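Dear colleague,

I am handing over the structure below, together with some notes on what turned up when its helix packing and its empty spaces were examined. Please read the notes with the model open beside you.

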Amino acid sequence: MSFFLSDWPWAYLGTLKYALYGPLVAKAVHTNLYGGNEADNWCFHILLLTFLRYVIYQLWATYSNMYCLSAKYKICKKDAEFDQMDREWDWDNFLLLQAFMATAAHHFLPFFRDMPAWNAGGFIFFAILHMGPAEALYYWAHRAFHKDILFQRYHSLHHAAIVLQPQTAGTATFLEHIGLTIIMAVPMVGASWMGGASMGMIYLYCLLFDFLRYMGHSNVEIVPETIFRWLPPLKYLIYTPSYHTLHHTEMDTNFCLFMPLYDYLGKTINSKSWDLHRSMSAGQVEEVPDYVFLAHIVDVLSSLHVRFLLRGFCSTPFATWWFLLPLWPVVIPFALAMWVWAKPFVNTGHRLKGRLHQTWIVPRFGFQYFIPFAQEGINNLIQDAILSADKMGVKVISLAALNKNEALNGGGTLFVKRLPNLRVRVVHGNTLTAAVILNELNPAVKEVFLTGATSKLGRAIALYLCKKRIRVMMLTCSEERFKSIQSEAPPEFQNFLVQVTKYQVAQNCKTWIVGKWIAYKEQKWAPVGCHLHQFVVPPIFELRKDCTYGKLAGMQLPDAVEGLSTCEYTMPRRCVHACHAGGILHSLEGWDHHEVGAIDVNKIDMVWEAALKHGFKPMK
């Protein structure tokens with residue numbers, strides 16, 4: 001239900017809201033390129049300041065979501081859920097509002113124009129007006145918004161966050177941000193009226209204001225306890241992330257903007273504040289995951305689909321959006337730097353049935369796996385990750401996509417042979433991948449066309465289907481490899497496996513299982529109405545309007561999963577690739593064997609039934 005000024009005026013515009021910056025951009029361009037007349041180039045400064053405020057947010061979002069930097073100092077060990085990500089999607093509305101309100105103030109207040117670039121003496125004005133009127137106004141307004149009606153109708157949106165994130169700082173109603181903008185304006189307009197303002201001070205004040213707001217909502221205790229031990233009065237002048245976290249967990253305390261002095265004066269200080277800060281700033285022992293999924297970067301643009309870069313974007317399935325294209329050249333130097341220096345790192349984590357599961361990333365792009373001289377280095381990185389997991393006490397580590405490439409390491413066999421005393425179980429999870437693909441097939445199917453037919457998955461699918469008396473046209477030019485697979489089938493089923501060498505042979509087959517990337521010149525041979533299942537990464541382009549395409553083999557995680565707010569590549573929310581699910585299943589079942597090398601066809605049905613038992617569901 002909407003209430004007075006609770007909704008943002010541009011909420012219906014979606015991403016088109018950014019077009020509202022258009023008039024400011026036009027004025028700035030006209031002033032700077034075409035000799036337009038505007039007092040102190042205000043629109044340009046508003047746009048530049050807005051950009052820098054986005055940069056401050058991004059730095060905090062990157063830091064707080066980069067596990068290797070922040071995990072030890074996390075205040076709340078939980079992670080946000082998808083519904084929180086959706087609520088906080090438009091966290092930056094306040095930047096648009098404040099750009100408009102600042103432009104209006106510049107237009108209607110003569111003393112708010114033609115400010116000098118810098119006025120060091122104005123620092124006193126800003127400090128007094130912020131520490132006095134601004135902090136006091138915020139404190140009492142904040143307390144008022146915690147009263148029943150105002151809280152239910154307005155402030156509850158901000159407090160709906162289960163886990164604080166930098167974007168939580170900007171998530172509030174239109175009315176609240178009008179009030180916050182007026183409070184922010186007190187030092188700037190007041191100092192300008194008294195002749196002490198400058199453009200430099202406005203930049204500094206706004207950026208510091210945002211920095212402290214994001215810090216308080218970062219869920220990472222970054223303020224060292226020694227500062228307050230050396231300078232005790234500081235605890236009245238600056239809050240900490242743990243201080244503000246207590247406000248969100250015990251809502252009738254710690255109302256201040258940045259200065260706890262007002263909570264002391266108003267008797268709303270939480271008695272746990274400094275003990276919690278002392279504990280959090282000392283660092284916590286990092287929890288050992290029960291299971292690790294070892295992934296890699298697919299391509300240049302998908303490398304941006306990580307939580308510490310584009311937090312909102314990675315909460316949706318990966319797709320190539322227009323705003324990613326200008327970032328392509330920026331990623332290349334980082335890719336080269338990672339090639340030289342980077343080691344496997346933690347990307348995401350979630351909990352299932354009380355167990356911590358994590359996804360680690362091998363910092364290599366998909367194309368690098370096919371460069372001969374790079375393969376030994378990649379295997380060394382994978383081995384380092386396996387040894388780290390073993391040392392930590394991880395029970396199962398599963399290899400994703402190219403990390404288990406047959407040509408690279410024999411589907412993980414290389415590591416099991418090299419490291420015979422491993423306690424951690426190494427798995428490729430492809431038994432469940434095969435099960436997912438096979439259970440997607442129409443029960444009435446009598447014939448399939450299979451590409452990637454001699455791969456690990458292709459072999460298992462072919463052997464399984466032939467035992468069901470389904471004819472399998474296996475696309476391969478290697479008669480030797482085909483004969484090897486055919487010989488594994490019982491004699492009475494071997495004639496159901498047929499070697500083919502051209503796509504044209506399948507022009508009347510309406511069920512294709514694609515295990516090798518194909519373009520239009522191959523897809524054109526599929527008959528009208530054909531359905532193309534696939535187990536190839538990246539997925540093939542859907543180029544035929546008269547055919548249907550299956551998604552990559554995946555499964556929906558059990559309902560009991562917690563702390564999940566990122567999507568795995570192109571998978572829908574709460575879904576993972578089938579090999580990932582297979583690794584989780586290995587952990588849940590407590591199986592003690594390594595799942596590497598060839599798939600045991602006889603275990604496909606057993607693994608499928610075990611997955612359903614644990615609450616995994618086929619993707620819709």
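The notes below take up one helix pair, then a cavity, then a pocket.

Please keep in mind throughout that this is a predicted model.

I begin with the helix pair, H5 (residues 93-108) and H8 (residues 174-193), whose axes come within 10 Å and cross at roughly 50 degrees. Because that angle falls neither under 35 degrees, nor between 65 and 115, nor over 145, H5 is oblique to H8. As for handedness, the crossing of these two helices is right-handed. On the H5 side the contact is made by Phe94, Leu97, Gln98 and Met101, which meet Phe174, His177, Ile178, Thr181, Ile182 and Met184 of H8. Sorted by class, the residues in this contact are seven nonpolar and three polar, with no charged residue among them.

The second topic is enclosed space. A search over the whole structure finds three cavities of 30 Å³ or more, and the largest of them holds about 40 Å³ of space. Its lining consists of Arg53, Phe94, Gln98, Ala169, Leu180, Met184, Phe209, Asp210, Arg213 and Tyr214. The elements that contribute two or more residues to this lining are H5, H8 and helix H9 (199-216), and H9 provides the largest share, with four residues. You may like to look at Phe94, Gln98 and Met184 in particular, since these residues take part in the contact of H5 with H8 and also line the largest cavity. By class, the lining of this cavity divides into six nonpolar residues, one polar residue and three charged residues.

The third topic is the second largest pocket, which contains about 670 Å³ of space. This pocket is lined by 35 residues, and those lying nearest its centre are Tyr67, Cys76, Lys77, Lys78 and Asp79. Helix H2 (42-65), helix H3 (67-70), strand E2 (345-352) and strand E3 (355-362) each supply at least two residues of the lining, while E2 gives the most, with six residues. The classes represented in the lining of this pocket are 12 nonpolar, 12 polar and 11 charged residues.

With best regards

Technical notes: Residues numbered from 1 in each chain as written. Predicted model: local features only at pLDDT ≥ 70, side-chain atom pairs only at ≥ 80, totals over all residues. Heavy atoms only, no water. Axes fitted to C-alpha atoms, helices over the stretch in contact; angles between N-to-C directions. Left-handed = near helix turned anticlockwise from the far one by under 90°. Contact = heavy atoms within 4.5 Å. Nonpolar A, V, L, I, M, F, W, Y, C, P; charged D, E, K, R; others polar. 1 Å grid on protein atoms, 1.4 Å probe; cavity = no way out; pocket = protein on both sides within 12 Å on 5 of 7 lines; lining within 4 Å. Points joined across faces, edges and corners; volume = space filled by probe spheres on them.
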